[in-house]
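Please open the structure in a viewer and keep the selection tool at hand. The tour proceeds stop by stop, naming what to select and what is found there.

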Amino acid sequence: MKGYPLLRKALCLALAALLLLPAQAADYEPLEEAEAAMAAITVEMIEEEVSMAAAITPGINLPVKSAILMDQGSGAVLYAENENDKLPPASVTKVMSLLLIMEAIDSGKIALTDTVTCSDTASGYGGSQIWLKPGEEMTVDELLKASAISSANDATVCLAEHVAGSEAAFVQMMNEKARELGMENTTFQGATGLDSDGHLTTAKDIALMSRALLEHPLILNYSTVWMDTLRGGETQLVNTNRLVRFYQGATGLKTGTTSGAGSCLSATATRDGLGLIAVVMGADTSDHRFAAARSLLDWGFANFMKASLTPPENILPVPVTGGVATQVEVTCLPPDGILIEKGKKEAITQDIILPESVAAPVVQGQELGTIAVCVDGERVAEYPILAAGNVERMSFGKALGLLGRTLITMG
C-alpha cells in the first residue's frame with residue numbers, strides 16, 4: 001500500500017465521514033446491499049482493481065459482453081467491441097431518465113425546488129430504493145440525489161411522473177429521445193432499468209445518451225458525489241459508482257446490475273480537457289465491470305489528447321465585388337480543441353479555403369470560407385472563416401456620393 005498514500009488518506013476520510021453520519025431512523029431501511037458494499041471499499045480492493053485493469057488489454061481480454069470508448073467532445077469512437085449487440089442495460093437506463101429530467105429543468109418545465117409527492121406506484125416499485133412512502137414529499141433536488149447517486153428506483157419513478165404525468169408517458173418520451181439521438185438499437189420499457197422483456201439497448205447507444213446527458217453541466221452536481229444524505233441526515237446515500245471516488249477526473253455516470261443484465265457501467269472522466277465515455281455491458285462481476293471501464297479509460301488517456309487550435313496568421317481580407325468597399329476583413333471561430341493521437345501535435349496542419357471574391361452585400365458574421373484541419377494530411381475537422389464587418393452593395397447614389405468625396409479630397 002506504500003504506492004497509494006493519497007488513496008489511503010482518501011479512504012480514511014470517506015469511512016470517517018460515513019461513521020459520523022447520523023444513524024438511520026427506525027422508520028427507514030438501512031443502506032441497500034450495493035451501497036453498503038461501496039461504503040466498505042478497502043484500499044486493497046482498489047489496488048486489486050488497478051492491477052486487474054492493468055492486466056486487461058482492450059480487444060483481447062476485456063471481461064464484458066460489449067464495450068465502447070467514445071470521445072465526449074466529438075463523439076468519435078476510439079474503441080468498440082460488440083458495440084451494437086442488444087443487451088439489457090439495468091439501471092444504466094437512468095442515463096436517459098436523467099437526461100429528460102435535465103431537459104425539463106433547463107426548459108423551466110420543472111424546478112429543483114418543486115415538491116413532489118410519492119405515489120403508490122413509485123413507493124412499491126422495488127429494487128434499489130430510498131423507501132419512499134405513499135404521500136411522502138421530497139424536492140426534485142432530493143430525488144435527483146437519490147436517483148443519480150444511489151440509483152433509487154422509487155425516486156426515479158417519482159421524477160418521471162412529475163415530468164410526464166405517468167411512467168408510461170415518460171417511457172414514451174425516452175423512446176422518442178432515443179430516436180432523436182440516433183440510438184437505433186434501443187427500446188425502453190421502463191424508467192429505472194429493472195429487467196423487462198424487450199428492454200434493450202447497446203453500448204454504442206448508451207454512449208450516445210451519456211454524451212447528451214453530459215451536455216447539461218447540472219448533472220455533475222449529482223453524478224460526481226460520493227456520499228450524501230437525505231431526510232435531515234437519516235438516510236445515507238453512497239454512490240454505486242466507485243470510480244467517482246477512486247478514479248482521477250471521474251465525472252460519473254451510472255452503474256447498473258440485474259440478474260438479466262449482469263454488471264453494466266457508463267463511466268465518464270475528463271483529464272486535461274479530454275472527456276471520455278467508457279461503456280461496458282454484461283460483466284459477470286462488479287469487479288470486472290469497474291476494472292474493464294478503468295482499463296478503457298486508462299487506454300484512452302494514454303493514447304489520445306485534446307489539442308488546442310490557433311487560427312493561421314496569414315488569412316488575407318477577401319475581395320468584395322459590387323460593394324462600397326473593395327474588401328472585407330475576416331475572423332475565425334476555432335473549436336475548443338480537436339482529438340488527436342498523442343505524439344501527433346506537430347502533424348497538425350490548417351488549410352485556408354476561401355473564394356477569390358465575394359459579392360456584396362456582406363453581413364458581419366457571414367461565413368465566407370473554412371479552415372480545414374488535417375493530421376498527417378487527413379482532414380479531421382474544419383471551422384468557419386467569418387466576415388468581420390459589413391459591406392453594403394454599391395448603388396448609383398452611393399457611387400455618386402463616393403465620387404464627390406473623392407473629388408473633395410483631391411481638392
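The stops below take up helices, sheets, and some details of the backbone. Please bear in mind throughout that the model is predicted.

**Stop 1: helix 3**

Begin by selecting residues 43-55, which form helix 3. This helix has 13 residues, and from its first C-alpha to its last it reaches 19 Å, close to the 18 Å expected at 1.5 Å a residue. Next, colour Val43, Ile46, Glu47, Glu49 and Ala53, which are buried in helix 3. Where do the buried residues of helix 3 fall when it is seen down its axis? They lie within an arc of 160°, so they line one face of the helix. A general rule is helpful here: an α-helix has 3.6 residues a turn, so residues three or four places apart point the same way.

**Stop 2: helices 4 and 7**

Now select residues 94-106 for helix 4, together with residues 153-164 for helix 7. The axes of these two helices come within 10 Å and cross at roughly 40°. Because of that angle, helix 4 is oblique to helix 7. The crossing in which helix 4 passes helix 7 is left-handed.

**Stop 3: a sheet of three strands**

Proceed to the open sheet with the strand order 12-11-16, in which the pairing is mixed. Its edge strands are strand 12 (327-328) and strand 16 (358-359), each of which pairs on one side only. Select strand 11, residues 318-321, and follow its parallel pairing with strand 16 over two bridges. To see one of the partnerships, display Thr321, whose bridge partner in strand 16 is Ala359.

**Stop 4: a sheet of four strands**

A further open sheet has four strands in the order 13-18-17-15, with antiparallel pairing. Strand 13 and strand 15 (348-353) are the edge strands, each pairing on one side only. On average, neighbouring strands of this sheet are turned by 30° against each other, direction ignored.

Within this sheet, select strand 13 (residues 330-332) and strand 18 (residues 378-387), which run antiparallel and are joined by three bridges. Here Val330 stands opposite Ala387 of strand 18. Then add strand 17 (residues 367-375), which is joined to strand 18 by eight bridges and runs antiparallel to that strand. Two positions are worth labelling: Thr370 is opposite Pro384 of strand 18, and Val375 is opposite Glu378 of strand 18.

How many residues lie between strand 17 and strand 18 in their hairpin? There are two residues between them, and Asp376 in the turn has a positive phi of about 55°.

**Stop 5: details of the backbone**

Select Asp272, in the loop between strand 8 (262-271) and strand 9 (274-283). Its phi is near 50°, a positive value in a residue other than glycine. Is Asp272 buried or exposed? At 78% relative accessibility, Asp272 counts as exposed, since the cut-off for that class is over 50%.

Finally, inspect two cis peptide bonds. One joins Gly252 and Leu253, with omega at about 20°; Leu253 has its place in strand 7 (residues 250-258). Another joins Ala360 and Pro361, with omega at about 5°. Pro361 is situated in the loop between strand 16 and strand 17. The tour ends at this point.

Definitions and conventions
Residues numbered from 1 in each chain as written. Predicted model: local features only at pLDDT ≥ 70, side-chain atom pairs only at ≥ 80, totals over all residues. Heavy atoms only, no water. Expected span 1.5 Å × (residues − 1). Buried < 20%, exposed > 50% of the residue type's maximum accessible area, 1.4 Å probe, protein only. Arc of directions from axis to C-beta. Pairing = 2+ DSSP bridges. Axes fitted to C-alpha atoms, helices over the stretch in contact; angles between N-to-C directions. Parallel < 35°, antiparallel > 145°, perpendicular 65-115°, else oblique. Left-handed = near helix turned anticlockwise from the far one by under 90°.
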